[in-house]
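Trainee: I am new to this structure and would like a close look at a single part of it. Could you take me through the sheet and whatever surrounds it, one step at a time?

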Amino acid sequence: MTPIEFAPGLVIRGFTPPLRLADFGLIAFDMDSTLINIECVDEIADAAGRKAEVAAITAAAMRGEIADYKESLRQRVALLAGVPATALEEVYNRRLQLNPGAEALVHACREAGLKTLLVSGGFTFFTDRICERLGIDFSRSNQLEIVDDLLTGRMVDQGWGDICDGEEKRRMLLDTCAELGIEPREAIAMGDGANDLPMMGVAGLSVAHHAKPRVREHAMVAIDEGGLDRLLEVLR
(Lines give C-alpha, C1' and ligand atoms only; values in the text may rest on other atoms or scores of the structure.)
Protein backbone atom coordinates (compact mmCIF):
# COMPACT_ATOMS: atom_id res chain seq x y z
CA MET A 1 0.00 0.00 0.00
CA THR A 2 1.33 3.40 -0.98
CA PRO A 3 1.82 5.77 1.95
CA ILE A 4 0.16 9.19 1.74
CA GLU A 5 1.27 12.31 3.60
CA PHE A 6 -2.05 13.23 5.17
CA ALA A 7 -0.57 16.33 6.82
CA PRO A 8 3.00 17.54 7.42
CA GLY A 9 4.74 14.85 9.48
CA LEU A 10 1.70 12.56 9.44
CA VAL A 11 1.70 9.62 6.99
CA ILE A 12 -1.18 7.19 6.47
CA ARG A 13 -1.66 4.01 4.45
CA GLY A 14 -4.41 1.47 3.87
CA PHE A 15 -7.42 3.50 4.96
CA THR A 16 -9.32 6.73 4.31
CA PRO A 17 -9.61 9.10 7.27
CA PRO A 18 -11.29 10.16 9.36
CA LEU A 19 -12.10 7.05 11.36
CA ARG A 20 -14.40 7.18 14.38
CA LEU A 21 -12.51 6.87 17.65
CA ALA A 22 -15.65 5.50 19.29
CA ASP A 23 -15.62 2.55 16.86
CA PHE A 24 -12.59 1.21 18.75
CA GLY A 25 -12.69 -0.40 22.19
CA LEU A 26 -9.02 -0.55 23.19
CA ILE A 27 -5.80 1.35 22.62
CA ALA A 28 -2.48 -0.34 23.48
CA PHE A 29 0.68 1.68 24.05
CA ASP A 30 4.33 0.81 24.21
CA MET A 31 6.02 2.83 26.97
CA ASP A 32 9.71 3.58 26.35
CA SER A 33 10.19 6.17 23.57
CA THR A 34 6.43 6.04 22.86
CA LEU A 35 4.50 7.24 25.91
CA ILE A 36 7.69 8.48 27.58
CA ASN A 37 10.84 10.20 26.36
CA ILE A 38 13.48 7.68 27.44
CA GLU A 39 14.53 4.04 27.31
CA CYS A 40 14.52 3.29 31.05
CA VAL A 41 17.07 0.47 30.88
CA ASP A 42 19.58 2.82 29.25
CA GLU A 43 19.11 5.47 31.93
CA ILE A 44 19.44 2.92 34.77
CA ALA A 45 22.66 1.71 33.14
CA ASP A 46 24.00 5.26 33.34
CA ALA A 47 24.18 4.78 37.12
CA ALA A 48 26.57 1.89 36.49
CA GLY A 49 28.63 3.83 33.97
CA ARG A 50 27.46 1.46 31.21
CA LYS A 51 24.89 3.55 29.35
CA ALA A 52 26.68 3.49 25.98
CA GLU A 53 27.05 -0.29 26.08
CA VAL A 54 23.43 -0.90 27.03
CA ALA A 55 22.03 1.77 24.71
CA ALA A 56 23.79 0.21 21.73
CA ILE A 57 22.04 -3.12 22.40
CA THR A 58 18.71 -1.35 22.94
CA ALA A 59 18.99 0.54 19.66
CA ALA A 60 19.84 -2.61 17.72
CA ALA A 61 16.91 -4.46 19.29
CA MET A 62 14.49 -1.63 18.47
CA ARG A 63 15.69 -1.57 14.87
CA GLY A 64 14.95 -5.29 14.64
CA GLU A 65 18.60 -6.28 14.19
CA ILE A 66 18.56 -8.71 17.14
CA ALA A 67 16.41 -11.77 16.55
CA ASP A 68 16.20 -12.89 20.19
CA TYR A 69 14.72 -9.93 22.06
CA LYS A 70 14.53 -11.85 25.34
CA GLU A 71 18.21 -12.63 25.29
CA SER A 72 19.08 -9.02 24.40
CA LEU A 73 17.09 -7.81 27.40
CA ARG A 74 18.72 -10.37 29.70
CA GLN A 75 22.13 -9.12 28.50
CA ARG A 76 21.21 -5.52 29.23
CA VAL A 77 19.69 -6.25 32.63
CA ALA A 78 22.76 -8.33 33.60
CA LEU A 79 24.84 -5.19 33.14
CA LEU A 80 22.71 -3.47 35.81
CA ALA A 81 23.88 -5.84 38.58
CA GLY A 82 24.90 -3.90 41.68
CA VAL A 83 23.07 -0.69 40.77
CA PRO A 84 21.31 0.73 43.86
CA ALA A 85 17.52 0.48 43.71
CA THR A 86 17.42 4.22 44.43
CA ALA A 87 18.62 4.73 40.85
CA LEU A 88 15.14 3.75 39.64
CA GLU A 89 13.56 6.57 41.62
CA GLU A 90 16.17 8.99 40.32
CA VAL A 91 15.46 8.02 36.71
CA TYR A 92 11.73 8.43 37.26
CA ASN A 93 11.99 11.79 39.02
CA ARG A 94 14.80 13.42 37.06
CA ARG A 95 14.86 11.94 33.57
CA LEU A 96 11.48 10.49 32.68
CA GLN A 97 8.89 12.73 31.05
CA LEU A 98 5.67 11.96 29.26
CA ASN A 99 6.01 12.56 25.56
CA PRO A 100 4.05 15.50 24.14
CA GLY A 101 0.42 14.67 23.51
CA ALA A 102 0.38 11.56 25.73
CA GLU A 103 -2.03 12.93 28.30
CA ALA A 104 -4.28 14.49 25.65
CA LEU A 105 -4.50 11.27 23.63
CA VAL A 106 -5.18 9.03 26.63
CA HIS A 107 -7.83 11.46 27.87
CA ALA A 108 -9.54 11.58 24.45
CA CYS A 109 -9.57 7.78 24.23
CA ARG A 110 -11.03 7.40 27.70
CA GLU A 111 -13.68 10.03 26.93
CA ALA A 112 -14.64 8.07 23.79
CA GLY A 113 -15.10 4.93 25.88
CA LEU A 114 -11.89 3.08 24.99
CA LYS A 115 -10.00 1.01 27.54
CA THR A 116 -6.26 1.55 27.72
CA LEU A 117 -3.39 -0.94 27.85
CA LEU A 118 0.32 -0.40 28.49
CA VAL A 119 2.55 -3.22 27.24
CA SER A 120 6.26 -2.71 27.71
CA GLY A 121 9.59 -4.44 27.46
CA GLY A 122 10.48 -2.06 30.29
CA PHE A 123 9.95 -2.46 33.98
CA THR A 124 7.08 -2.52 36.46
CA PHE A 125 8.70 0.19 38.60
CA PHE A 126 7.97 2.63 35.79
CA THR A 127 4.85 1.14 34.20
CA ASP A 128 3.03 1.08 37.55
CA ARG A 129 3.67 4.79 37.99
CA ILE A 130 2.76 5.70 34.42
CA CYS A 131 -0.48 3.71 34.66
CA GLU A 132 -1.42 5.53 37.85
CA ARG A 133 -0.45 8.88 36.38
CA LEU A 134 -2.48 8.44 33.20
CA GLY A 135 -5.28 6.24 34.53
CA ILE A 136 -4.38 3.29 32.29
CA ASP A 137 -6.57 0.23 32.77
CA PHE A 138 -4.27 -2.73 32.03
CA SER A 139 -0.51 -3.28 31.86
CA ARG A 140 2.17 -5.88 31.33
CA SER A 141 5.92 -5.41 31.75
CA ASN A 142 9.02 -6.94 33.31
CA GLN A 143 10.00 -6.97 36.99
CA LEU A 144 13.57 -6.30 38.06
CA GLU A 145 14.89 -8.43 40.89
CA ILE A 146 16.09 -6.40 43.88
CA VAL A 147 17.95 -7.93 46.84
CA ASP A 148 19.34 -5.85 49.73
CA ASP A 149 18.38 -2.66 47.85
CA LEU A 150 20.57 -3.59 44.87
CA LEU A 151 19.60 -4.76 41.38
CA THR A 152 20.76 -8.35 40.92
CA GLY A 153 21.00 -8.19 37.13
CA ARG A 154 18.05 -10.56 36.78
CA MET A 155 14.30 -10.33 36.25
CA VAL A 156 11.57 -12.04 38.26
CA ASP A 157 9.29 -14.55 36.56
CA GLN A 158 5.63 -13.54 36.79
CA GLY A 159 2.41 -15.52 36.62
CA TRP A 160 2.10 -14.98 32.86
CA GLY A 161 5.73 -15.80 31.98
CA ASP A 162 9.29 -14.54 32.09
CA ILE A 163 9.80 -11.58 29.73
CA CYS A 164 7.40 -9.23 27.97
CA ASP A 165 8.73 -9.33 24.41
CA GLY A 166 6.96 -8.72 21.11
CA GLU A 167 5.00 -11.96 21.22
CA GLU A 168 3.90 -11.31 24.79
CA LYS A 169 2.73 -7.83 23.77
CA ARG A 170 0.68 -9.42 20.99
CA ARG A 171 -0.72 -12.05 23.35
CA MET A 172 -1.66 -9.45 25.95
CA LEU A 173 -3.44 -7.31 23.36
CA LEU A 174 -5.44 -10.31 22.13
CA ASP A 175 -6.22 -11.48 25.67
CA THR A 176 -7.39 -7.99 26.64
CA CYS A 177 -9.62 -7.81 23.57
CA ALA A 178 -11.12 -11.17 24.54
CA GLU A 179 -11.66 -9.97 28.12
CA LEU A 180 -13.42 -6.86 26.83
CA GLY A 181 -15.50 -8.87 24.35
CA ILE A 182 -14.18 -7.03 21.29
CA GLU A 183 -12.41 -8.12 18.12
CA PRO A 184 -8.72 -7.27 17.54
CA ARG A 185 -9.81 -5.08 14.61
CA GLU A 186 -11.42 -2.84 17.28
CA ALA A 187 -8.02 -2.25 18.88
CA ILE A 188 -5.37 0.39 18.21
CA ALA A 189 -1.69 -0.45 18.83
CA MET A 190 0.95 2.26 19.11
CA GLY A 191 4.73 1.83 19.30
CA ASP A 192 8.13 2.76 17.97
CA GLY A 193 10.33 -0.36 17.98
CA ALA A 194 10.52 -3.74 16.28
CA ASN A 195 9.16 -5.51 19.36
CA ASP A 196 5.89 -3.58 18.84
CA LEU A 197 5.31 -5.06 15.38
CA PRO A 198 3.58 -8.27 16.55
CA MET A 199 0.84 -6.37 18.39
CA MET A 200 0.62 -3.76 15.65
CA GLY A 201 0.12 -6.59 13.16
CA VAL A 202 -3.05 -7.91 14.82
CA ALA A 203 -4.65 -4.56 15.70
CA GLY A 204 -7.24 -2.88 13.54
CA LEU A 205 -5.17 0.32 13.47
CA SER A 206 -1.38 0.37 13.86
CA VAL A 207 0.40 3.60 14.77
CA ALA A 208 4.13 4.36 14.66
CA HIS A 209 5.33 7.25 16.82
CA HIS A 210 8.72 8.73 15.84
CA ALA A 211 9.53 5.13 15.05
CA LYS A 212 12.36 3.05 13.61
CA PRO A 213 12.20 2.69 9.79
CA ARG A 214 11.01 -0.91 9.87
CA VAL A 215 8.09 0.04 12.11
CA ARG A 216 7.14 3.07 10.01
CA GLU A 217 7.02 0.88 6.91
CA HIS A 218 4.39 -1.40 8.47
CA ALA A 219 2.23 1.15 10.28
CA MET A 220 -1.11 2.44 9.04
CA VAL A 221 -0.36 5.79 10.70
CA ALA A 222 3.15 7.19 11.13
CA ILE A 223 3.54 10.24 13.35
CA ASP A 224 6.91 11.64 12.29
CA GLU A 225 6.50 15.14 13.69
CA GLY A 226 4.63 16.39 16.73
CA GLY A 227 2.98 14.64 19.65
CA LEU A 228 1.04 11.44 20.17
CA ASP A 229 -2.24 13.36 20.03
CA ARG A 230 -1.70 13.91 16.30
CA LEU A 231 -3.44 10.56 16.00
CA LEU A 232 -6.64 12.50 16.70
CA GLU A 233 -6.25 14.20 13.33
CA VAL A 234 -7.31 10.91 11.68
CA LEU A 235 -9.61 9.71 14.48
CA ARG A 236 -12.64 11.83 15.32
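Mentor: Happy to! Let's begin with one pair of residues: Leu117 has Phe138 in β5 as its bridge partner. From β4 the chain crosses through helix α6 (residues 124–134) to β5, and this β-α-β crossover is right-handed. Keep in mind as you look that this is a predicted model.

The two strands joined in this way are β4 (residues 115–123) and β5 (residues 138–147), which pair in the parallel sense over four bridges. Another place to look along this pairing is Phe123, which stands opposite Asn142 in β5. Over these strands, α3 packs on the sheet, where it touches β4, β5 and β6. The direction of α3 makes about 165° with that of β6.

Now move on to the other pairing of β5. With β6, strand β5 pairs in the antiparallel sense, again over four bridges. Here Leu144 has Met155 in β6 as its bridge partner. The two strands form a hairpin with two residues between them, and Asp148 in the turn has a positive phi of about 55°.

Let's step back to the whole sheet. It is an open sheet of nine strands with mixed pairing, in the order β1-β2-β9-β8-β7-β3-β4-β5-β6. At its edges stand β1 (4–7) and β6 (150–156); each has a single partner strand, so one side of each is left without a neighbour in the sheet. On average, neighbouring strands of this sheet are turned by 25° against each other, direction ignored. When you follow any one strand, it helps to remember that in a regular strand the side chains alternate between the two faces of the sheet.

Another helix to find is α5, which lies across β3 (26–29), β4 and β7 (187–191). Its direction runs at about 160° to β3.

From α3 we can also reach a neighbouring helix, α2. What covers the buried residues of α2 includes α1 (40–46) and α3 (69–78). Those buried residues are Val54, Ile57, Thr58, Ala60, Ala61 and Met62. You can check the length of α2 (residues 51–63) yourself: at 1.5 Å a residue, its 13 residues should span 18 Å, and its end C-alpha atoms are 18 Å apart, which agrees. Just after α2, Gly64 takes a positive phi of about 85°.

Finally, look at the charged side chains around these helices. Lys51 forms a salt bridge with Glu43, with the closest N and O atoms 2.9 Å apart. Lys51 is partly exposed, at a relative accessible area of 30%, whereas Glu43 counts as buried at 10%. Glu43 also meets Arg95 in a salt bridge, at 2.7 Å from N to O. That pair links distant parts of the chain, 52 residues apart: Glu43 is in helix α1, and Arg95 is in the loop between α4 (86–94) and α5 (102–111). Arg95 counts as partly exposed, with 29% relative accessibility.

The structure holds 18 salt bridges, and one outside this group joins Arg230 to Glu233, with the closest N and O atoms 2.7 Å apart. Arg230 is buried, at 14% relative accessible area, while Glu233 counts as partly exposed at 28%. Back at the helices, salt bridges that share partners join Glu43, Asp46, Lys51 and Arg95 into one network.

Notes:
Residues are numbered from 1 along each chain as its sequence is written. This is a predicted model: local features need pLDDT of at least 70, side-chain atom pairs count only at pLDDT 80 or more; totals for chains, interfaces and linings use all residues. Side-chain values use heavy atoms; hydrogens and water are left out. The expected span of a helix is 1.5 Å times one less than its number of residues. Buried means under 20% relative accessible area, exposed over 50%, partly exposed in between (1.4 Å probe, protein chains only). Contact means heavy atoms within 4.5 Å. A salt bridge is a side-chain nitrogen of Lys or Arg within 4 Å of a carboxyl oxygen of Asp or Glu. Two strands pair if DSSP finds at least two bridges between them. Axes are lines fitted to C-alpha atoms, for helices over the stretch in contact, and angles run from 0 to 180 degrees between N-to-C directions. A crossover is right-handed if, with the strands pointing away from the viewer, the path from the first strand over the helix to the second runs clockwise.
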